[in-house]
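Please open the model and find the ligand before reading on. These notes go from the ligand outward to the pockets.

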Amino acid sequence: MDWGMKNRLSKIIKPNDGRCVMLAVDHGYFLGPTERLEIPEKTIRPLLQHADSLMLTRGVLRTSVNPSTDVPMVLRVSGGTSIVGEDLSNETITVSIEDAIKLNASCLALSVFVGSKYEHQTLANLAKLVDEGERYGIPVLAVTAVGKEMVRDARYLGLACRVAAELGAHLIKTYYCRNFEKVVEGCPVPVIIAGGKKLPTEKEVFELTFNALRDGACGVDMGRNIWQSEFPISMIKTIKAMVHENFTVKEAMDLFQKEKKTERDGFIQAIKKAKNTKRI
Ligand code: R5P
(Lines give C-alpha, C1' and ligand atoms only; values in the text may rest on other atoms or scores of the structure.)
Protein backbone atom coordinates (compact mmCIF):
# COMPACT_ATOMS: atom_id res chain seq x y z
CA MET A 1 0.00 0.00 0.00
CA ASP A 2 1.45 3.38 -0.95
CA TRP A 3 2.01 6.31 1.38
CA GLY A 4 -0.95 8.39 0.17
CA MET A 5 -3.38 5.51 0.59
CA LYS A 6 -2.07 4.76 4.10
CA ASN A 7 -2.18 8.44 5.04
CA ARG A 8 -5.78 8.86 3.86
CA LEU A 9 -6.87 5.67 5.61
CA SER A 10 -5.28 6.88 8.85
CA LYS A 11 -7.48 9.99 8.66
CA ILE A 12 -10.61 7.81 8.54
CA ILE A 13 -9.62 5.09 11.01
CA LYS A 14 -7.63 6.56 13.88
CA PRO A 15 -4.26 4.76 14.07
CA ASN A 16 -4.05 4.92 17.89
CA ASP A 17 -7.07 2.64 18.41
CA GLY A 18 -8.12 1.46 14.94
CA ARG A 19 -11.57 2.98 15.39
CA CYS A 20 -13.72 5.57 13.62
CA VAL A 21 -16.74 7.82 14.04
CA MET A 22 -18.05 8.72 10.59
CA LEU A 23 -20.98 11.10 10.46
CA ALA A 24 -23.32 10.17 7.59
CA VAL A 25 -25.22 12.98 5.84
CA ASP A 26 -25.45 11.51 2.33
CA HIS A 27 -29.10 10.41 2.59
CA GLY A 28 -30.43 13.05 0.20
CA TYR A 29 -28.70 11.38 -2.75
CA PHE A 30 -31.72 9.12 -3.14
CA LEU A 31 -34.14 10.19 -0.34
CA GLY A 32 -34.26 13.93 -1.08
CA PRO A 33 -34.69 16.33 1.87
CA THR A 34 -34.68 13.80 4.71
CA GLU A 35 -36.18 14.92 8.04
CA ARG A 36 -33.69 17.09 10.01
CA LEU A 37 -31.34 17.13 7.03
CA GLU A 38 -33.49 19.55 5.03
CA ILE A 39 -30.81 22.25 5.30
CA PRO A 40 -27.58 20.25 5.35
CA GLU A 41 -25.38 23.16 6.47
CA LYS A 42 -27.53 23.67 9.56
CA THR A 43 -27.37 19.98 10.48
CA ILE A 44 -23.65 19.60 9.80
CA ARG A 45 -22.28 22.81 11.40
CA PRO A 46 -22.66 21.94 15.12
CA LEU A 47 -21.69 18.28 14.66
CA LEU A 48 -18.67 18.49 12.39
CA GLN A 49 -16.10 19.19 15.10
CA HIS A 50 -17.13 16.00 16.92
CA ALA A 51 -16.86 13.68 13.90
CA ASP A 52 -13.71 11.84 12.81
CA SER A 53 -14.94 12.08 9.22
CA LEU A 54 -18.00 13.18 7.27
CA MET A 55 -19.74 11.06 4.61
CA LEU A 56 -21.57 13.11 1.99
CA THR A 57 -22.15 13.83 -1.68
CA ARG A 58 -20.23 16.44 -3.66
CA GLY A 59 -23.34 18.62 -3.88
CA VAL A 60 -23.58 18.92 -0.11
CA LEU A 61 -19.82 19.22 0.28
CA ARG A 62 -19.63 22.19 -2.10
CA THR A 63 -22.65 24.01 -0.73
CA SER A 64 -22.73 23.17 2.95
CA VAL A 65 -19.25 22.58 4.39
CA ASN A 66 -16.66 25.27 5.07
CA PRO A 67 -13.53 24.37 3.04
CA SER A 68 -11.30 25.42 5.95
CA THR A 69 -12.34 22.32 7.93
CA ASP A 70 -9.71 19.75 8.79
CA VAL A 71 -12.27 16.93 9.08
CA PRO A 72 -11.64 14.36 6.31
CA MET A 73 -14.38 13.82 3.73
CA VAL A 74 -15.76 10.46 2.65
CA LEU A 75 -17.26 11.26 -0.72
CA ARG A 76 -20.23 9.25 -1.95
CA VAL A 77 -19.62 8.65 -5.63
CA SER A 78 -22.45 6.25 -6.45
CA GLY A 79 -26.09 7.08 -7.17
CA GLY A 80 -28.33 7.98 -10.06
CA THR A 81 -31.53 6.54 -8.56
CA SER A 82 -34.20 7.86 -6.19
CA ILE A 83 -36.77 6.50 -3.79
CA VAL A 84 -39.55 7.22 -6.31
CA GLY A 85 -37.74 5.59 -9.22
CA GLU A 86 -37.93 2.02 -10.41
CA ASP A 87 -35.03 0.21 -8.83
CA LEU A 88 -32.66 1.65 -6.23
CA SER A 89 -29.99 -0.87 -7.13
CA ASN A 90 -29.52 0.57 -10.62
CA GLU A 91 -26.63 2.78 -9.47
CA THR A 92 -23.76 4.19 -11.46
CA ILE A 93 -20.56 6.06 -10.57
CA THR A 94 -21.61 9.70 -10.32
CA VAL A 95 -18.30 11.53 -9.71
CA SER A 96 -15.12 11.44 -11.78
CA ILE A 97 -11.88 10.63 -10.01
CA GLU A 98 -10.57 14.06 -11.06
CA ASP A 99 -13.42 15.83 -9.29
CA ALA A 100 -12.96 13.65 -6.20
CA ILE A 101 -9.29 14.68 -6.13
CA LYS A 102 -10.21 18.36 -6.63
CA LEU A 103 -12.58 18.07 -3.68
CA ASN A 104 -9.73 16.55 -1.65
CA ALA A 105 -11.72 13.42 -0.75
CA SER A 106 -9.98 11.23 1.80
CA CYS A 107 -12.10 8.23 0.85
CA LEU A 108 -14.62 7.30 -1.86
CA ALA A 109 -17.88 5.56 -0.96
CA LEU A 110 -20.01 3.45 -3.29
CA SER A 111 -22.96 1.11 -2.73
CA VAL A 112 -23.08 -2.48 -3.90
CA PHE A 113 -26.39 -4.34 -4.10
CA VAL A 114 -25.52 -8.02 -3.76
CA GLY A 115 -28.42 -10.28 -4.77
CA SER A 116 -30.30 -7.50 -6.59
CA LYS A 117 -31.19 -7.15 -10.26
CA TYR A 118 -28.18 -4.86 -10.72
CA GLU A 119 -25.73 -6.87 -8.64
CA HIS A 120 -23.22 -7.25 -11.47
CA GLN A 121 -23.36 -3.57 -12.44
CA THR A 122 -22.78 -2.34 -8.89
CA LEU A 123 -19.97 -4.83 -8.26
CA ALA A 124 -18.35 -3.82 -11.55
CA ASN A 125 -18.68 -0.17 -10.42
CA LEU A 126 -16.81 -1.10 -7.24
CA ALA A 127 -13.99 -2.86 -9.10
CA LYS A 128 -13.60 0.15 -11.43
CA LEU A 129 -13.58 2.59 -8.52
CA VAL A 130 -10.98 0.54 -6.65
CA ASP A 131 -8.75 0.68 -9.75
CA GLU A 132 -9.12 4.46 -9.87
CA GLY A 133 -8.61 4.82 -6.13
CA GLU A 134 -5.49 2.67 -6.29
CA ARG A 135 -4.14 4.83 -9.11
CA TYR A 136 -4.32 7.97 -6.95
CA GLY A 137 -3.96 6.54 -3.45
CA ILE A 138 -7.59 7.06 -2.37
CA PRO A 139 -9.28 4.29 -0.36
CA VAL A 140 -12.73 2.98 -1.26
CA LEU A 141 -15.52 2.31 1.22
CA ALA A 142 -18.04 -0.25 -0.08
CA VAL A 143 -21.54 0.16 1.33
CA THR A 144 -23.49 -3.10 1.35
CA ALA A 145 -26.97 -1.83 0.51
CA VAL A 146 -29.72 -4.30 1.29
CA GLY A 147 -32.72 -4.59 -1.02
CA LYS A 148 -36.20 -5.10 0.46
CA GLU A 149 -36.20 -8.73 -0.68
CA MET A 150 -32.95 -9.59 1.16
CA VAL A 151 -32.64 -10.71 4.78
CA ARG A 152 -30.20 -8.77 6.93
CA ASP A 153 -28.57 -11.83 8.49
CA ALA A 154 -24.95 -12.85 8.99
CA ARG A 155 -25.06 -15.22 6.02
CA TYR A 156 -26.17 -12.53 3.57
CA LEU A 157 -24.15 -9.64 5.03
CA GLY A 158 -21.10 -11.90 5.41
CA LEU A 159 -21.36 -12.78 1.72
CA ALA A 160 -21.84 -9.15 0.62
CA CYS A 161 -18.92 -7.88 2.75
CA ARG A 162 -16.60 -10.64 1.59
CA VAL A 163 -17.42 -10.11 -2.09
CA ALA A 164 -16.79 -6.36 -1.73
CA ALA A 165 -13.48 -6.98 0.08
CA GLU A 166 -12.39 -9.51 -2.55
CA LEU A 167 -13.02 -6.90 -5.25
CA GLY A 168 -10.60 -4.62 -3.42
CA ALA A 169 -12.67 -2.37 -1.13
CA HIS A 170 -10.42 -0.97 1.60
CA LEU A 171 -13.26 -0.55 4.11
CA ILE A 172 -16.80 -1.92 4.29
CA LYS A 173 -19.93 -0.40 5.74
CA THR A 174 -22.69 -2.81 6.57
CA TYR A 175 -25.50 -3.42 9.06
CA TYR A 176 -25.24 -5.00 12.48
CA CYS A 177 -26.95 -8.37 12.80
CA ARG A 178 -27.03 -11.47 15.01
CA ASN A 179 -23.73 -13.38 14.83
CA PHE A 180 -22.06 -10.24 13.52
CA GLU A 181 -18.67 -11.61 14.59
CA LYS A 182 -19.01 -14.10 11.69
CA VAL A 183 -19.38 -11.20 9.25
CA VAL A 184 -16.23 -9.56 10.64
CA GLU A 185 -14.32 -12.85 10.76
CA GLY A 186 -14.94 -13.51 7.07
CA CYS A 187 -14.01 -10.00 5.96
CA PRO A 188 -10.29 -9.20 5.57
CA VAL A 189 -10.76 -5.41 5.78
CA PRO A 190 -12.23 -3.19 8.56
CA VAL A 191 -16.00 -3.27 8.94
CA ILE A 192 -18.02 -0.21 10.01
CA ILE A 193 -21.70 -0.35 10.91
CA ALA A 194 -24.44 1.96 9.66
CA GLY A 195 -26.82 3.28 12.28
CA GLY A 196 -29.97 2.65 10.26
CA LYS A 197 -33.40 4.21 10.86
CA LYS A 198 -33.85 6.21 14.05
CA LEU A 199 -34.35 3.87 16.98
CA PRO A 200 -37.07 4.65 19.56
CA THR A 201 -34.66 5.24 22.47
CA GLU A 202 -31.08 6.42 22.97
CA LYS A 203 -30.38 3.27 24.97
CA GLU A 204 -31.06 1.16 21.88
CA VAL A 205 -28.58 3.25 19.88
CA PHE A 206 -25.95 2.75 22.57
CA GLU A 207 -26.69 -0.98 22.74
CA LEU A 208 -26.33 -1.26 18.97
CA THR A 209 -23.01 0.58 19.10
CA PHE A 210 -21.72 -1.41 22.06
CA ASN A 211 -22.66 -4.78 20.55
CA ALA A 212 -21.19 -3.92 17.16
CA LEU A 213 -17.86 -2.83 18.67
CA ARG A 214 -17.78 -5.88 20.95
CA ASP A 215 -18.35 -8.12 17.93
CA GLY A 216 -15.52 -6.59 15.92
CA ALA A 217 -16.80 -3.48 14.12
CA CYS A 218 -14.11 -0.80 13.90
CA GLY A 219 -16.63 2.00 14.31
CA VAL A 220 -19.83 3.58 13.11
CA ASP A 221 -21.06 5.47 10.10
CA MET A 222 -24.08 6.98 11.76
CA GLY A 223 -26.59 9.55 10.56
CA ARG A 224 -30.25 9.50 11.56
CA ASN A 225 -29.69 8.28 15.11
CA ILE A 226 -27.51 11.34 15.62
CA TRP A 227 -29.10 14.23 13.74
CA GLN A 228 -32.71 13.13 14.13
CA SER A 229 -32.15 13.04 17.90
CA GLU A 230 -33.54 15.88 19.97
CA PHE A 231 -29.98 16.25 21.28
CA PRO A 232 -27.68 15.62 18.31
CA ILE A 233 -24.49 17.05 19.88
CA SER A 234 -24.98 14.93 23.00
CA MET A 235 -25.55 11.88 20.81
CA ILE A 236 -22.40 12.24 18.74
CA LYS A 237 -20.27 13.01 21.81
CA THR A 238 -21.59 9.91 23.54
CA ILE A 239 -21.10 7.67 20.49
CA LYS A 240 -17.55 9.01 20.23
CA ALA A 241 -16.86 8.07 23.86
CA MET A 242 -18.16 4.55 23.15
CA VAL A 243 -16.02 4.16 20.03
CA HIS A 244 -12.78 5.70 21.29
CA GLU A 245 -12.99 5.26 25.06
CA ASN A 246 -14.87 1.95 25.24
CA PHE A 247 -17.75 3.36 27.26
CA THR A 248 -20.30 0.75 28.33
CA VAL A 249 -24.02 1.29 27.73
CA LYS A 250 -24.43 2.44 31.34
CA GLU A 251 -21.53 4.89 31.04
CA ALA A 252 -22.95 6.11 27.74
CA MET A 253 -26.36 6.72 29.31
CA ASP A 254 -24.76 8.71 32.16
CA LEU A 255 -22.68 10.79 29.77
CA PHE A 256 -25.67 11.42 27.51
CA GLN A 257 -27.77 12.72 30.44
CA LYS A 258 -24.96 15.10 31.39
CA GLU A 259 -24.38 16.31 27.84
CA LYS A 260 -28.11 16.69 27.28
CA LYS A 261 -28.31 19.19 30.12
CA THR A 262 -25.45 21.25 28.67
CA GLU A 263 -26.99 21.14 25.19
CA ARG A 264 -30.41 22.19 26.52
CA ASP A 265 -28.87 25.08 28.53
CA GLY A 266 -26.98 26.23 25.43
CA PHE A 267 -30.18 26.14 23.42
CA ILE A 268 -32.07 28.22 26.04
CA GLN A 269 -29.21 30.76 26.13
CA ALA A 270 -29.30 31.04 22.33
CA ILE A 271 -33.07 31.70 22.36
CA LYS A 272 -32.68 34.37 25.07
CA LYS A 273 -29.88 36.04 23.11
CA ALA A 274 -31.95 36.03 19.92
CA LYS A 275 -34.94 37.60 21.78
CA ASN A 276 -32.73 40.33 23.29
CA THR A 277 -31.18 41.11 19.92
CA LYS A 278 -34.68 41.52 18.43
CA ARG A 279 -35.65 44.00 21.18
CA ILE A 280 -32.63 46.18 20.35
C1 R5P B 1 -27.43 5.21 3.22
O2 R5P B 1 -27.49 4.77 2.11
C3 R5P B 1 -26.40 6.10 3.55
O4 R5P B 1 -25.25 5.65 2.89
C5 R5P B 1 -26.08 6.36 5.01
O6 R5P B 1 -24.81 6.93 5.01
C7 R5P B 1 -26.02 5.18 5.93
O8 R5P B 1 -27.18 4.42 5.88
C9 R5P B 1 -25.72 5.60 7.37
O10 R5P B 1 -26.68 6.47 7.87
P11 R5P B 1 -27.79 6.00 8.94
O12 R5P B 1 -27.04 5.82 10.23
O13 R5P B 1 -28.79 7.09 9.00
O14 R5P B 1 -28.34 4.68 8.46
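The points below cover the ligand, its surroundings and two pockets.

1. Start with the status of the model. It is predicted. Keep that in mind for each value in this note.

2. Look at the ligand's neighbours. The ligand has 13 residues around it. Those that come nearest are Asp26, His27, Lys173, Gly196 and Arg224. Sorted by class, this shell holds five charged, four polar and four nonpolar residues.

3. Next, the polar contacts. Which ligand atom is 2.5 Å from an N or O atom in the side chain of aspartate 26? An oxygen atom is. In histidine 27, a side-chain N or O atom lies 2.7 Å from a ligand oxygen. Glycine 196 uses its backbone instead: a polar atom there is 2.8 Å from an oxygen atom of the ligand. How much of the ligand does the protein bury? Alone, the ligand would expose 360 Å², and the protein buries 95% of this area.

4. Now the space itself. Rolling a probe the size of a water molecule over the atoms shows where empty space is left. Where does the ligand sit? It takes up space in the largest pocket. This pocket contains about 1,300 Å³ of space.

5. Check the walls of the largest pocket. Its lining has 42 residues. Nearest the centre are Phe30, Leu88, Val146, Arg152 and Tyr175. Two or more lining residues come from each of these elements: helices α2 (28-31) and α10 (224-227), and strands β7 (140-144) and β8 (171-174). Which element gives the largest share? That is α2, with three residues. By class, the lining has 15 nonpolar, 14 polar and 13 charged residues.

6. Move on to the second largest pocket. Its volume is about 590 Å³. It is lined by 18 residues. Arg36, Glu230, Pro232, Glu263 and Phe267 lie nearest its centre.

7. Finish with the walls of that second pocket. At least two lining residues come from each of α3 (40-48), α11 (232-245) and α12 (249-279). How many residues does α3 give, as the element that gives the most? It supplies five. The lining of the second largest pocket divides into eight nonpolar, seven charged and three polar residues.

Notes. Residues are numbered from 1 along each chain as its sequence is written. This is a predicted model: local features need pLDDT of at least 70, side-chain atom pairs count only at pLDDT 80 or more; totals for chains, interfaces and linings use all residues. Side-chain values use heavy atoms; hydrogens and water are left out. A residue is near a molecule or strand if one of its heavy atoms lies within 4 Å of it. A polar contact is a pair of N or O atoms within 3.5 Å; within protein, one must be able to donate a hydrogen and the other to accept it, and residues adjacent in sequence count only if both atoms are side-chain atoms. Accessible areas come from the Shrake-Rupley method with a 1.4 Å probe; for residues, only the protein chains shown count as cover. On a 1 Å grid over the protein atoms alone, a cavity is a set of points where a 1.4 Å probe fits but cannot get out, and a pocket is an open set with protein on both sides within 12 Å along at least five of seven lines; lining residues have an atom within 4 Å of a point. A molecule sits in a cavity or pocket if more than half of its atoms lie within 2 Å of its grid points. Ala, Val, Leu, Ile, Met, Phe, Trp, Tyr, Cys and Pro count as nonpolar, Asp, Glu, Lys and Arg as charged, and the others, Gly among them, as polar. Grid points are joined across faces, edges and corners, and a volume is the space filled by probe spheres set on the points. Helices (H or I, at least four residues) and strands (E, at least two) are DSSP runs, numbered from the N terminus.
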